[in-house]
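I opened this entry to record what I looked up around the ligand, the pocket and the unusual backbone geometry. The structure goes in first, and my notes follow.

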Amino acid sequence: MISEKMKFYGNAPSVIRELFEYGKMRAGIVGAQNVCDYSLGNPSVPAPAFVNEAIRDIINTMHSKAVHGYTSGAGDNGCRQAIAEDLNQRFGTCYSKDNIYMVNGAATAITCCFKALTIDETSEFIAIAPYFPEYDVFSGISGAKLRSVSADIPDFQIRFDELESAINGNTQGIIINSPNNPSGGVLWEETIERLAGLLTEKSAEYGHPIYIISDEPYRELVYDGYEVPFIPKYYKDTLVGYSYSKSLSLPGERIGYVLVPDGMTDGTDNVFFAVAGAGRALGAVCAPSLMQRVIERCAQQHVMPDLEPYIENRKLLCEGLKAMGYEYCDPRGTFYLFLKAPNGDSEKFAEMAKARDVIIVPGEVFHCPGYLRLSYCVDRETIEKSLPRFAELMKEAKQ
Ligand code: PLP
């Protein structure tokens, strides 16, 4: 016998991956230069030169065991301390290594958070749709139920009336993701303050903390001077899942962390142990050692992403589409544009686009029909080539 649930997760199609594979298949037939593939969020900006220099230097100068050997389960102390100090400088906090648990990217960070906070099969979490579809798997693996409430469209903030009615005595946490995949939106400070107020009230009503799990792989990918509020400053029972996949363009290196802030209602040490226990149970101990060394150096040097290529792409795409009459969520962060389907039917529109070798993801994948996600982490030529096709699509959608 096998676990039917795991079989389902392993076999359930990922629409995004399928679209990506379809794009590759079409590239083989019509030539890669003729396919405009906006399916995957794979950073197009190279990892900063500093990262590659650090890798070379570490390999050339450090002992093999220090580079490739096991670190402590929670991660190397030097790496964790460097991350804590970087956060302290940026957000005025007083963290130390004891607040940081190293993991393999945001996927593992969020899975550890769900698992750490799941008491039994009655435990529930709430996600704000549109949301990253893997949350269904990350929470499901812990045995918890994930409820979905809709965002306040077109601003893509939180619909507090829906959220309030979704919270009950079994609610263990709310997962938020700002800057957001897929909408590109950023939660405003007043939204976070209102969320913190509601959760404080509900935690008191139900006699246990309702956590915020803040999924932040896009924290630094924000434009036009927008500030991304640092959630633990607004709400003490916050776990942050962070990843260097997007900010330092290292998605294949699988490195990130969970931040367990001080002053949590359940006791920071207890929550940290629960996260560490979840990590241990999932085999998520001793995150990749070489990458921990690299991140230690990057954190000490405050290495930031080069956003210029994304800013240029965003401008080209947004201006081009706006001139054709397309509507979209104001993309303040990430490298995603969430476009309103001009015919009101996102699945049909995605099919129409596919027929023109423009690969875009229907909003149904993110529990938000009527919209389409475009990952604009592509080269400029892809956008230039796609714009006339979007013009044709607009005409077709209006027929
Ligand atoms: N959370 C969100 C919102 C994402 O978009 C992604 C990846 O695209 C992840 C988590 C997983 O990130 P990682 O590759 O660091 O595991």
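For sorting residues, I count Ala, Val, Leu, Ile, Met, Phe, Trp, Tyr, Cys and Pro as nonpolar, Asp, Glu, Lys and Arg as charged, and the others, Gly among them, as polar. I keep in mind throughout that this is a predicted model.

Entry 1, the pocket. With that sorting, I found that the lining of the largest pocket divides into 21 nonpolar, nine polar and seven charged residues. I noted about 1,100 Å³ of space in this pocket, and of the 37 residues that line it, those closest to its centre are Arg17, Phe132, Pro133, Glu134 and Phe138. I then checked which elements give two or more residues to the lining, and these are α1 (4-11), α2 (15-30), α6 and α7 (134-140).

Entry 2, the ligand. I looked up where the ligand is placed, and the ligand sits in the largest pocket. There are 14 residues around the ligand, of which Asn181, Asp215, Tyr218, Ser243 and Ser245 come nearest. I sorted this shell in the manner used for the lining, and the shell divides into six nonpolar, five polar and three charged residues. Helix α6 (residues 105-117) gives the largest share of the shell, with three residues.

Entry 3, polar contacts of the ligand. I went through the oxygen atoms of the ligand and wrote down the partners on the protein. A polar backbone atom of alanine 106 is 2.9 Å from a ligand oxygen, while a polar side-chain atom of serine 245, which is also among the residues listed as nearest, lies 2.7 Å from an oxygen atom of the ligand. For arginine 254, I noted a distance of 2.7 Å between an N or O atom in its side chain and an oxygen atom of the ligand. I also checked how far the ligand is covered: taken alone it exposes 390 Å², and the protein buries 91% of that.

Entry 4, the backbone. Most residues other than glycine have a negative phi, and most peptide bonds are trans, so I listed the exceptions that I came across. Isoleucine 153 and proline 154 are joined by a cis peptide bond with omega of about 15°, and proline 154 has its place in the loop between β4 (145-152) and β5 (157-158). The bond from asparagine 181 to proline 182 is cis, with omega near 20°, and proline 182 lies in the loop between β6 (171-176) and α9 (189-206). Asparagine 181 had already appeared in my notes as one of the residues nearest the ligand. Serine 249, though not a glycine, has a positive phi of about 50°, and I located serine 249 in the loop between β8 (238-243) and β9 (256-259).

Conventions
Residues numbered from 1 in each chain as written. Predicted model: local features only at pLDDT ≥ 70, side-chain atom pairs only at ≥ 80, totals over all residues. Heavy atoms only, no water. Near = heavy atom within 4 Å. Polar contact = N/O pair within 3.5 Å; in protein donor to acceptor, adjacent residues only side chain to side chain. Areas by Shrake-Rupley, 256 points an atom, 1.4 Å probe, with all protein chains shown as cover. 1 Å grid on protein atoms, 1.4 Å probe; cavity = no way out; pocket = protein on both sides within 12 Å on 5 of 7 lines; lining within 4 Å. Sits in = over half its atoms within 2 Å of the grid points. Helix = DSSP H or I, 4+ residues; strand = E, 2+ residues; numbered from the N terminus. Points joined across faces, edges and corners; volume = space filled by probe spheres on them.
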